Amino acid sequence: MKQLKVGILGATGAVGEQMRIVLAERNFPLSELRLFGSARSAGTEIEFKGEKLKVQEASLEAFKGLDLLLGAADNDVAKKFLPDAAKMGIVVVDNSSAFRLDPEVPLVIPEVNPEDVKWHKGLIANPNCATIIALTAVAALHRKARLRRMIASTYQAVSGAGRQGIDDLLAEIHAPEGEQPPLGVFPYPIAYNLIPQIGGFNDLGYTSEEMKMQNEGRKMLHEPDFLVSCTCVRVPIIRSHSEALTMEFEKEISPEEARELLKDAPGVKLYDDPAEKKYPMPLDTSDQDLVYVGRIRRDLSAPKESYNRSLTLFCCGDQVRKGAATNAVQIAEIVFGIG
């Protein structure tokens, strides 16, 4: 198999670090790995497979010769570099939200819509982490019964806000009694608290994070009328997002059928035995790539006419891995026919 020259833009961040780990774990065929960051981080040494690599300042010149560039930088940096990198003939898989809803850019979860990779023009977008976890959990159910509507409540770990989110939580937990460290990336203290806001609010009272579930879901499921009401909550958990999903389908589907479908669904681990206290939790789902799904049951609030078409479940997944880094590497594997 051809050995590829790969770069990571935003290599010193939490997702960039995880991309390095995933590339090594999956034995991605590398002949060279280049790490890119800001002028401030240029020169930093990072170990990869026993070798010390120096972070380079990002530039189009520095990207020359790459086969693949993984984006783990913020929107401004992504917009500055990635479209031009794609024009240079580099396959770009970007984790920012800058290009997700661009009709010219595929938005892909390999377990959901791998076929969309085929029409890329050099740039492929990685979806939002909470969207990846939810749609991976329900993709097999959608294929069977066609998902029409979803009410989602997400409980999102602080690492979703990057390293600073983790640092803020730990600083607050370990602060001396009676002292409150200065606020960092969150608008309120996060230790021993919940914050029902991720992103800015729109005119309807929904945050930007909440709208991603509907807007990105419509694109990947190829369902322009897919309806979602989502509430996103930041919780004092280091890693792994959790989600409660209530769904209405076009066709009848029972909890038993759902369990049978999810038992062998790609990217999913069915973990659903409440009598034995087995259900998805962040501690179990961190540092691995499967989305755990459990608590599958009927939606008791569904009207009589849709009762047999409605389900509720609970799922958890590591948003730094499957919700970001692993999903990006999986997309690259499809593009280059790896595995």
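Author: Helices here are DSSP runs of H or I with at least four residues, numbered from the N terminus. The model is predicted, so local features need pLDDT of at least 70 and side-chain atom pairs 80 or more, while totals for chains, interfaces and linings use all residues. Residues count from 1 along each chain as its sequence is written, and side-chain values use heavy atoms, without hydrogens or water.

Reader: Okay, which helix gives the most to the lining of the largest pocket?

Author: A pocket is an open set of points on a 1 Å grid over the protein atoms alone, where a 1.4 Å probe fits and protein lies on both sides within 12 Å along at least five of seven lines; lining residues have an atom within 4 Å of a point. Helix 1 (14-25), helix 3 (75-87), helix 6 and helix 9 (321-335) each supply at least two lining residues. With 4 residues, the top giver is helix 3.

Reader: And which residues sit closest to the centre of that pocket?

Author: The lining has 48 residues. Those closest to the centre are Ala 72, Ala 73, Asp 74, Ala 161 and Gly 162.

Reader: How do helix 4 and helix 6 lie: roughly parallel or oblique?

Author: Helix 4 (129-145) and helix 6 (208-221) pack with their axes (lines fitted to C-alpha atoms over the stretch in contact) 10 Å apart, at about 45° on a scale from 0 to 180 degrees between N-to-C directions. Under 35 degrees is roughly parallel, over 145 roughly antiparallel and 65 to 115 roughly perpendicular, the rest being oblique. That makes helix 4, relative to helix 6, oblique.
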